[in-house]
Amino acid sequence: FQLGPHSEGFYEKLEDALIEADIKASIAMEISDELRNSSQAGKLSSPEELRSFVRDVISQMILTVNLDPENNDNAIYLVLGVNGVGKTTSMAKLARRWLDAGRSVSFAAGDTFRAAAVDQLAVHAGRLGIKIFQQGQGADPSAVIFDGLESIKAKGEGILLADTAGRMHNKSQLVKELQKIDRVIRSKVDDPSYRRILVIDATTGQNGIQQAEVFHQALGIDGIILSKYDSRARGGLALSISRTLGIPFAYMGTGEGYGDISPMDPEALVESIMSAIEG
Amino acid sequence: MRSSGVSILFDRLSTTFSDLFRQMGGKAKISEKNVQDAVEQIKLALLEADVNLRVVRRFVNATLKEATGEHVLRSVSPGQQFVKIVHDRIVHLLGDEAAGLNLKGPDTTSVILLLGLQGSGKTTTASKLAARLKKEGRRPLLVAADLVRPAAVDQLVTLGSQIAVDVHSEKGAKDPVKVAKNGLKRGKKELYDTVIIDTSGRMHVDADLMKEIKSVFQAVKPDETLMVADAMTGQHAVDIAKSFDETVELSGVILSKFDSDTRGGAALSLKSITGKAIKFIGVGEKSDDLEPFVPERIASRILGM
Ligand SMILES: Nc1nc2c(ncn2[C@@H]2O[C@H](COP(=O)(O)OP(=O)(O)OP(=O)(O)O)[C@@H](O)[C@H]2O)c(=O)[nH]1
Ligand SMILES: Nc1nc2c(ncn2[C@@H]2O[C@H](COP(=O)(O)OP(=O)(O)OP(=O)(O)O)[C@@H](O)[C@H]2O)c(=O)[nH]1
Ligand SMILES: [K+]
Ligand SMILES: [Mg+2]
Ligand SMILES: [Mg+2]
């Protein structure tokens, strides 16, 4: 349908399209209420004005942050999230990105739980030609990451990307384990050089809000990677999470290749949501 | 934008089904207006549970019709009747009863093909199914036909050894169709009664990879072609399932990661749009964390009861 006549049907269709983009129903209603109020006040008369209003409202709701390292200091990035979202692969993509920017990058194989998780990261390290700190299956992840930290501190100018085992946010034991890793890292490094990145799969529904909320409460999340955006899911989750929790998005993953990561682009999300509204 | 708008709307949505049912269930008389309000709340709660909007709309229309019928409003306890109608309807849509695997007898070799999006849980589910079938007295062989994801073969080999199930893998192989075929050939020759084929994750919108899975499907003619989907999937779940079903004709679905706190509305969407049975749910990372799909239980979960 077209953004057009100010019929009740129009607002319903707008709400529907937002909901189908995985935007939380309450926020979808908020957006359409806002639009309804403004157009009733005579502020929006033409379809063009309506369209740009919706665009503005949506893009303003999505928070972004740049998490690329700003200087040549040591830095550590802890990557976390629920099972299978794309943590390990995103690390490899970030490594490629930062190697290309001339930085020295290494991995800490902090997923010592899942079958062949260390091997998976080691394959990436081999392909990228970078160092990986690893111990065997079942080792203490904090110890693995601690080793990596000691080493980059001794050498200077290194970025350590630390993997963690996928874990459900509703399993408190597993979240506590992350907090332990977090404490160990904090005991070693200054806050500005430590970033916690949460990975969320773009195909995730409303549960993604809970994921972000729990991990943010437990550790404090600096930014989110919206992975698997090539699924053509519209990524409305980014809007809900920004809006309800105030956590910004840093990157989006768009495939399995090393180049398939880019800074979060709210315009791209707005485009895909708008195409659903207008298509 | 007024920030207060959000919290007001949150309040509007915070009525859970159990609250709603308590209110409705306790009523001796309910009006058509009562029912309409309740149905509106049900609509919102189903959306919060990630049930696909089209499914929600269909459900709501049908329920409204039945629940506002004379025989309900005039019955002895209309509130309870209403609650029962909603619950039963969801159970019915989910499939009424648990559906098992359709495999041939143990004197021949049956084939299970697993497919789905990246990271949905295929490899883990392959080993869970193998463990389950082994416990039932069958002799499964796992086939490592994911040649894309780094260390995917190692992952399956490790999982296989944990449950003492053999794994067919080919070093340096490039063609998943060949590996799947060879695995089946070996399965038949060495008298395994079930061959479980793990494939690489693929996006339903990736034409080349969808063509590839079709070739695997045609080469091994599976008895069960199961899509492994993440129970936390949102509105997009039906598009994903439809694409896979159009490509290979699914025989069923396994929903992984039900141990999350998702309400799991994807189950309702998948079943009612594709008509495919949901055969199992994954409830953890370990090899025995696989349970039969019990529609009653999932209906209550979707409803937040
Ligand atoms: N299409 C696509 N696939 C992706 C993307 N990111 C990751 N993947 C794939 O998703 C699957 C899971 O990725 P992993 O990096 O292993 O995920 P993880 O979060 O580390 O998984 P666990 O460690 O098991 O919890 C792999 O097949 C990846 O290739 C993406 O942006 N797009
Ligand atoms: N909590 C939980 N984790 C699960 C479940 N099923 C699978 N996983 C985890 O999800 C992650 C991905 O599982 P995999 O089996 O590697 O998924 P996949 O579909 O084979 O992934 P690709 O081969 O990369 O496409 C792993 O961390 C698994 O341990 C489940 O039911 N519950
Ligand atoms: K997923
Ligand atoms: Mg990983
Ligand atoms: Mg796999």
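**Entry 1: B:M227**

I began with B:M227, which counts as buried at 2% relative accessibility, because the cut-off for buried is under 20%. I note at the outset that the model is predicted. I placed B:M227 in strand β5 of chain B, which runs over residues 224–230. I then listed its contacts, leaving out residues up to four places away in sequence: B:M227 touches B:L115, B:G116, B:I240, B:A241, B:F244, B:L250, B:G252, B:V253, B:I254 and B:L270. I looked up one of these partners, B:G252, which lies 25 residues from B:M227 along the chain. The C-alpha atoms of B:M227 and B:G252 are separated by 6.6 Å.

**Entry 2: nonpolar cores**

I next asked which residues have the most contacts inside the largest nonpolar core. They are A:F107, A:L161 and B:L255, in a core of 159 residues. I found that helix α3 of chain B (residues 32–48) gives the most to this core, with seven residues. Apart from this core I recorded another, of 19 residues, including B:A130, B:I163, B:I196 and B:V228.

I went back to A:L161 for its contacts, setting aside neighbours within four places in sequence. A:L161 is in contact with A:Y77, A:V79, A:M91, A:L94, A:A95, A:W98, A:V105, A:S106, A:F107 and A:A108.

**Entry 3: helix α9 of chain A**

I asked why helix α9 of chain A (residues 236–245) is described as largely enclosed by the rest of the structure. Seven of its ten residues are buried, so the description follows. I listed the buried residues of α9(A) as A:G236, A:L237, A:A238, A:L239, A:S240, A:I241 and A:S242. I noted that A:G246 follows α9(A) and has a positive phi, near 70 degrees.

**Entry 4: chain B against chain A**

I turned to the interface, where 41 residues of chain B are in contact with 45 residues of chain A. The area buried between the two chains is about 3900 Å², and carbon and sulfur atoms give 57% of it.

I counted 16 residue pairs in polar contact between chain B and chain A, with both residues at pLDDT 80 or more. The rule finds four salt bridges across this interface. I also recorded the salt bridge in which the side chains of B:R57 and A:D16 meet, at 2.5 Å from N to O.

On the side of chain B that touches chain A, I found that α1 (4–13), α3, α4 (53–67) and α8 (152–162) of chain B give two or more residues. The largest share, five residues, comes from α1(B). By class, I entered 15 nonpolar, 14 polar and twelve charged residues for this side of chain B.

Notes. Residues are numbered from 1 along each chain as its sequence is written. Chains are lettered from A and ligands numbered from 1 in the order in which they are written. Side-chain values use heavy atoms; hydrogens and water are left out. A nonpolar core is a set of buried Ala, Val, Leu, Ile, Met, Phe, Trp, Tyr and Cys residues joined through side-chain atoms within 4.5 Å. Buried means under 20% relative accessible area, exposed over 50%, partly exposed in between (1.4 Å probe, protein chains only). Helices (H or I, at least four residues) and strands (E, at least two) are DSSP runs, numbered from the N terminus. Contact means heavy atoms within 4.5 Å. Buried area is the accessible area (1.4 Å probe) that two parts lose on being put together, summed over both. A polar contact is a pair of N or O atoms within 3.5 Å; within protein, one must be able to donate a hydrogen and the other to accept it, and residues adjacent in sequence count only if both atoms are side-chain atoms. Ala, Val, Leu, Ile, Met, Phe, Trp, Tyr, Cys and Pro count as nonpolar, Asp, Glu, Lys and Arg as charged, and the others, Gly among them, as polar.
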